[in-house]
Protein chains: 2
Amino acid sequence: MNYKESHKLLLSNVSRFINLTELEKQKYISLLTEIKVKKKDFLMQAGEITKYEYFIIKGCLKVYTLDEEGAPHISMFAIEDYWTGDLSSFMTKEPSRYYIKATEHSELLGISRENYDLLFREIPKFERFYRILYQKSLISYIRRSNYGISLTAEERYLEFKKKYPQIVSRITQKDLAAYIGITPEFMSKIITKVNRT
Amino acid sequence: MNYKESHKLLLSNVSRFINLTELEKQKYISLLTEIKVKKKDFLMQAGEITKYEYFIIKGCLKVYTLDEEGAPHISMFAIEDYWTGDLSSFMTKEPSRYYIKATEHSELLGISRENYDLLFREIPKFERFYRILYQKSLISYIRRSNYGISLTAEERYLEFKKKYPQIVSRITQKDLAAYIGITPEFMSKIITKVNRT
DNA sequence: TAAAAGTCTTAAACTAGTTCATTTTTTTTC
DNA sequence: GAAAAAAAATGAACTAGTTTAAGACTTTTA
């Protein structure tokens, strides 16, 4: 069958871990919602109960919390071919502490909690898909949680640049500072220093 | 059927997410290896390819790396009813960067990579078990990776104490410092300060 | 396309956390 | 249960990263 470009991208993402029949592909696609969000608009805000998990077709978004002083802490940047959302609120149905804002005009496919549950009942293979997806995410978050406490800010910056060169060029230095966990002023100093060397 | 205490603990851990028939329980148990490790002994060392994922029946272990200066960075403390290991090395079959050392005499059940793969083929329900297990771990690591970059050392200490009171009392201040990401000297200062307040 | 708003840079004064050195206390070992 | 080893406490000098403030540069908006 002939699929839309957006669905092709998603199916190709899924086919990394499981093989679906045509029927299963169509069933899966029927469970998804198309979402567009303009630059600077929110996909969700703190206090809301997360309705969807999102697959990014196009664009770039930042997932962040605000601390008591109102300073942002960016948890992740999500770009094409990545999944994002607030898994905790999505699963527990408790209000989220996260904001998700588009830093570019973005197109997403969302799966609602009801359809996510249904998916496992209708196509149990997806248990495997998510087992592997979460396993891989877990491995990278375990590594990241160690970086935060054991590397200096400069080392974390170099790691990020090495691991996500395609993201560095698409975000502001200020947002990168909020991800690395430092002030924009210190981020500026690091970049000046690294470029000089 | 009558199971050993250790197997009962594991089966009860698994039954949080999936129901197994008697036959499946027996099959599962047949895939596990019993392991004992004395206080201060290594369960594994950096450079080795991880052979097992471990479920802790009894005891306490620390999972850590050593940086270029030889300073330890503790990634997790594992106690009864928790799973541990190096998931990355276990999956990729590449040498691990982690050491796992018992801080108390410990008893574990290990599952080898071959049996882990076999488990999914023989009892596909385990895809669901691990999907949920990894999902929950992922949620807590996402939270932790933000703590590392957005909280002060004192706040991280208070968080740890609140979340794992049963672990705090079983480990040394020095190990806690290596987990929090600070020097033992500064850990000592924080504790003095917090107790004074 | 001018004005406004946001981002980046620089610098001086400050604070959280480190390093190094010493002493006291607790735990381990024979 | 004494000796040795490891952990914890304390303090002084240091460094990585913050704060505040101001000016230059860039992007957005009307």
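**Reading a chain interface and a DNA surface**

Q: How many residues of chain B are in contact with chain A?
A: In this predicted model, 32 residues of chain B are in contact with 32 residues of chain A.

Q: How is the size of such an interface read, and what area do chain B and chain A bury between them?
A: Interface size is often expressed as the accessible area that is lost when the parts come together. Here chain B and chain A bury about 2,900 Å² between them. Carbon and sulfur atoms carry 61% of that area. B:R131, B:L138 and B:I149 supply 22% of the area that chain B buries against chain A, more than any other three residues.

Q: What is the count of salt bridges between chain B and chain A?
A: Four salt bridges. A:R128 and B:E127 meet in a salt bridge through their side chains, at 2.6 Å from N to O. Polar contacts between chain B and chain A come to ten residue pairs.

Q: Which elements give two or more residues to the side of chain B that touches chain A?
A: They are β5 (72-79), α3 (87-92), α4 (113-122), α5 (125-150) and α8 (173-180) of chain B. The largest share comes from α5(B), with 18 residues. By class, this side of chain B has 15 nonpolar, ten polar and seven charged residues.

Q: Now the DNA. Which residues come nearest to DNA strand D?
A: Of the 17 residues around the strand, A:K39, A:A153, A:E185, B:Q173 and B:K174 come nearest. On the DNA side, sugar and phosphate make up 74% of the strand D atoms within 4 Å of the protein.

Q: Where do phosphate oxygens of DNA strand D meet polar side-chain atoms?
A: One lies 2.6 Å from a polar side-chain atom of B:Q173. For B:S188, a side-chain N or O atom is 3.0 Å from a phosphate oxygen of DNA strand D. A:A153 uses a polar backbone atom instead, 3.0 Å from a phosphate oxygen.

Q: Which element gives the largest share of the surface near DNA strand D?
A: α9(B), with four residues. By class, the surface near DNA strand D divides into three nonpolar, seven polar and seven charged residues.

Q: Last, a single residue. Why does B:T50 count as buried?
A: The cut-off for buried is under 20% relative accessible area. B:T50 has 6% relative accessibility, so B:T50 counts as buried. B:T50 is in the loop between β2 (42-44) and β3 (52-58) of chain B. The side chains of B:T50 and B:S89 share a polar contact of 2.9 Å. Beyond four places in sequence, B:T50 is in contact with B:M44, B:D86, B:S89, B:F90 and B:S96.

How values were computed
Residues numbered from 1 in each chain as written. Chains lettered and ligands numbered in written order. Predicted model: local features only at pLDDT ≥ 70, side-chain atom pairs only at ≥ 80, totals over all residues. Heavy atoms only, no water. Buried < 20%, exposed > 50% of the residue type's maximum accessible area, 1.4 Å probe, protein only. Polar contact = N/O pair within 3.5 Å; in protein donor to acceptor, adjacent residues only side chain to side chain. Contact = heavy atoms within 4.5 Å. Buried area = accessible area lost by both parts, 1.4 Å probe. Nonpolar A, V, L, I, M, F, W, Y, C, P; charged D, E, K, R; others polar. Near = heavy atom within 4 Å.
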